[in-house]
Number of protein chains: 2
Amino acid sequence: MEEIKLDEKQALACCGSTQFAKQMAMASPFPSLDHAISAATDIWFNKVDVNGWLEAFAAHPQIGESPSSHTTSAQWSKGEQATALATATDSGLQELSNWNAQYRQKFGHVFLICAAGRSAAEILNELKNRYLNRPILELEIAAQEQMKVTESRLRKLLSAKAKADSTGSQ
Amino acid sequence: MEEIKLDEKQALACCGSTQFAKQMAMASPFPSLDHAISAATDIWFNKVDVNGWLEAFAAHPQIGESPSSHTTSAQWSKGEQATALATATDSGLQELSNWNAQYRQKFGHVFLICAAGRSAAEILNELKNRYLNRPILELEIAAQEQMKVTESRLRKLLSAKAKADSTGSQ
């Protein structure tokens, strides 16, 4: 298998922290997808500082809101929230929006959850539970959820690239 | 004993987070110094968000550097660092300054330590040890050190006030 290359812009679409993106680009190329994910995990949890975490959180649309932009990250967000949006009623979306505002008021950043495959009701339930946490704990949980999102995006991006590369070489 | 009053400006001199200062002023008056410290602890760890923590850290001068301003907070900082400054050699201060810069580069905020009674060598040693931590752990340790500083300043401020009040009422 060929080595995997990742540039800063691609890394930024997976996780919106510039510190993360720069360090991933510097660590590239990777011998395998697993190596890329392991490097991403180390950089995210051990190297990126709290300002970088907040920057990455801020790059997400509020859950239950479809992003208006056409960037790769925005398109992925749409896909990740597809189950939630398909299962939500209008009043459910309104309740989610109200709780999101309350969450942001308490914690100073968006409610972050790896939404893939989760219904709107499940997400709302998680939000209400996590709202009770103290801010430092919630910061750490949000960072763990961000890492799940990052990993899933890296898998999507890099397996698409591997496929394109192998097609190209046939 | 009379109840203890604390306004926003006084609270801000104890801990430079505006969220903290507003909530302490709202919780004032307190039936005793212990009640004031217990309210401060709850507000700081459970109510103030991570942006508020960073704001409070940013209000501190770098350790080993004498603050130039004449605010209450700056004067207290000078007092808290008196042992460190008295025990430091020129080369020790230079090493502290270099490590501080390295710390700030990694964590994105100043190195925060309750300096009262600690020598420059002890502080440098702590800095080198804590530099190895991952950012989220270091954020929590810095917040605990900030709370020690806040408690010591509240004690100073409120016992001075109690003395002034009782003198005033004689």
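**Helix 2 of chain A and the A–B contact**

User: Which residues are buried in helix 2 of chain A?

Analyst: In helix 2 (residues 18-27) of chain A, the buried ones are A:Phe20, A:Ala21 and A:Met24. Buried means under 20% relative accessible area (1.4 Å probe, protein chains only). Helices are DSSP runs (H or I, at least four residues), numbered from the N terminus.

User: Where do they sit around the axis?

Analyst: They lie on the same side of helix 2 of chain A, because they cover an arc of only 95° around the axis. The arc is taken from the directions from the helix axis to the C-beta atoms.

User: Is this an experiment or a model?

Analyst: This is a predicted model, where local features need pLDDT of at least 70 and side-chain atom pairs count only at pLDDT 80 or more, while totals for chains, interfaces and linings use all residues. Residues are numbered from 1 along each chain, chains are lettered from A in the order written, and side-chain values use heavy atoms without hydrogens and water.

User: New topic. How many residues does the contact take from each chain?

Analyst: Chain A gives 18 residues and chain B gives 18 residues. Contact means heavy atoms within 4.5 Å.

User: How many salt bridges are there between chain B and chain A?

Analyst: Two. In a salt bridge, a side-chain nitrogen of Lys or Arg is within 4 Å of a carboxyl oxygen of Asp or Glu. One salt bridge joins the side chains of A:Arg134 and B:Glu140, at 2.6 Å, N to O.

User: Which helices of chain B supply at least two residues each to the side that touches chain A?

Analyst: Helix 3 (33-47), helix 4 (50-58), helix 7 (90-107) and helix 9 (135-169) of chain B.

Technical notes:
Buried < 20%, exposed > 50% of the residue type's maximum accessible area, 1.4 Å probe, protein only.
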